[in-house]
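Please open the model in a viewer and keep the sequence panel visible beside it. The tour proceeds by selection, one stop after another.

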Amino acid sequence: NIPLRHYPHYQTQNVCGIVLGESDSMLVFTAHYDHCGSMGDNVLFPGAHDNASGVAAVLDIARMTTLQKPHYTMVFMLFCGEETGLCGSHYAAEHPLIDFSKVRLLTNIDMFCGGDEGFMVVNANDSATSPFVKIMEEKTAQMEHSVVVKRRNNAPNSDHYWFSRLCPAIFIY
């Protein structure tokens, strides 16, 4: 018997940053910082996996981007509300802070732990994203990794979804 409280108008925020590059063409990296938490004393949803791991990856990419001026302008977006229906990313797509026509690729990172058996790329077969996924497959093979790059069609299962109509957007997990 677990008491639940519903907050229908709970206000939260997205967190965004930008590192200007030599070009105004952009690469965008996204992740969500909310997670399901727990249900009672015995059920815990592993927030480190879904999705502190994605947030850590995006923050590390941002950190590395500051070591020298990048060619592309780099944009970093962390969303809240992914677990409650992609709310933060939906808001960001409807109220854009950047010109999405200048985005070469948006990469959403979710559940970035593990990967011993490979990783999935959602929206991998779209004509706008398939060339990027092909490069991932080629680089993985060149590095002789035993992991497999798996492809999946687009699905509304993470924050990339709302942006896939605005720019090439993939979701890696």
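A residue is called buried when its relative accessible area is under 20%. The model on the screen is a predicted one, and the stops below apply this term to it.

**Stop 1: strand 5**

Select residues 73-79, which make up strand 5. How many residues of strand 5 are buried? Seven of the seven are, so the strand is largely enclosed by the rest of the structure. In a regular strand, side chains alternate between the two faces of the sheet. Colour Thr73, Val75, Met77 and Phe79 in one shade, for they lie on one side of strand 5. Give a second shade to Met74, Phe76 and Leu78 on the other side. Both faces are covered, since the residues of both groups are all buried.

**Stop 2: the sheet around strand 5**

Next, widen the selection to the whole sheet. Strands of a sheet pair through backbone hydrogen bonds, in either a parallel or an antiparallel manner. This sheet is open and has seven strands, in the order 1-5-2-6-9-7-8, with mixed pairing. Strand 1 (15-19) and strand 8 (149-152) stand at the edges. Each of these two has a single partner strand, so one of its sides is left without a neighbour in the sheet. From one strand to the next, the twist averages 20 degrees.

Now select strand 1 together with strand 5: five bridges join them in the antiparallel sense. To find one of the contacts, select Gly17, whose bridge partner in strand 5 is Phe76. Then select strand 2 (26-32). Strand 2 and strand 5 run parallel and are joined by seven bridges. Here Ala31 stands opposite Leu78 in strand 5.

**Stop 3: Tyr33**

Move on to Tyr33, in the loop between strand 2 and strand 3. Is Tyr33 buried or partly exposed? With a relative accessibility of 32%, Tyr33 counts as partly exposed. Add Ala56 to the selection: Tyr33 and Ala56 are 23 residues apart along the chain, and their C-alpha atoms are separated by 9.7 Å.

**Stop 4: an aromatic cluster**

Return to Phe79 and add Phe100 and Phe163; these three form one aromatic cluster. In total, the structure holds five aromatic pairs. One of them joins Phe100 and Phe163, whose rings are tilted, with 5.3 Å from centre to centre and 35 degrees between the planes. This pair links distant parts of the chain, 63 residues apart. Phe100 belongs to the loop between helix 2 (87-94) and strand 6 (103-109), whereas Phe163 belongs to helix 4 (residues 160-163). Both Phe100 and Phe163 are buried.

**Stop 5: two pockets**

Rolling a probe the size of a water molecule over the atoms shows where empty space is left. The largest pocket holds about 870 Å³ of space. Which of its 25 lining residues are closest to the centre? They are Tyr7, Tyr10, Asp34, Gly81 and Thr84. Select helix 2 as well, for it gives the most to this lining, with three residues. Strand 3 (38-39) and helix 2 each supply at least two residues of the lining. By type, the lining of the largest pocket comprises 11 nonpolar, 11 polar and three charged residues.

The second largest pocket contains about 210 Å³ of space. Its lining includes Met111, Phe112, Cys113, Lys150 and Tyr173. Eight residues of this second lining are nonpolar, three are polar and one is charged.

**Stop 6: two backbone angles**

Keep Met111 selected and turn to the backbone. Most residues other than glycine have a negative phi. Met111, however, has a positive phi near 50 degrees. Met111 is found in the loop between strand 6 and strand 7 (119-122), and its relative accessibility of 26% makes it partly exposed.

Finally, select Asn123, in the loop between strand 7 and helix 3 (130-142). Asn123 is not a glycine, yet its phi is positive, at about 75 degrees. Is Asn123 buried or exposed? Its relative accessibility is 5%, so Asn123 counts as buried.

Key. Residues numbered from 1 in each chain as written. Predicted model: local features only at pLDDT ≥ 70, side-chain atom pairs only at ≥ 80, totals over all residues. Heavy atoms only, no water. Phe/Tyr/Trp six-rings, centres within 6.5 Å; stacked < 30°, edge-to-face > 60°. Helix = DSSP H or I, 4+ residues; strand = E, 2+ residues; numbered from the N terminus. Buried < 20%, exposed > 50% of the residue type's maximum accessible area, 1.4 Å probe, protein only. 1 Å grid on protein atoms, 1.4 Å probe; cavity = no way out; pocket = protein on both sides within 12 Å on 5 of 7 lines; lining within 4 Å. Points joined across faces, edges and corners; volume = space filled by probe spheres on them. Nonpolar A, V, L, I, M, F, W, Y, C, P; charged D, E, K, R; others polar. Pairing = 2+ DSSP bridges. Axes fitted to C-alpha atoms, helices over the stretch in contact; angles between N-to-C directions.
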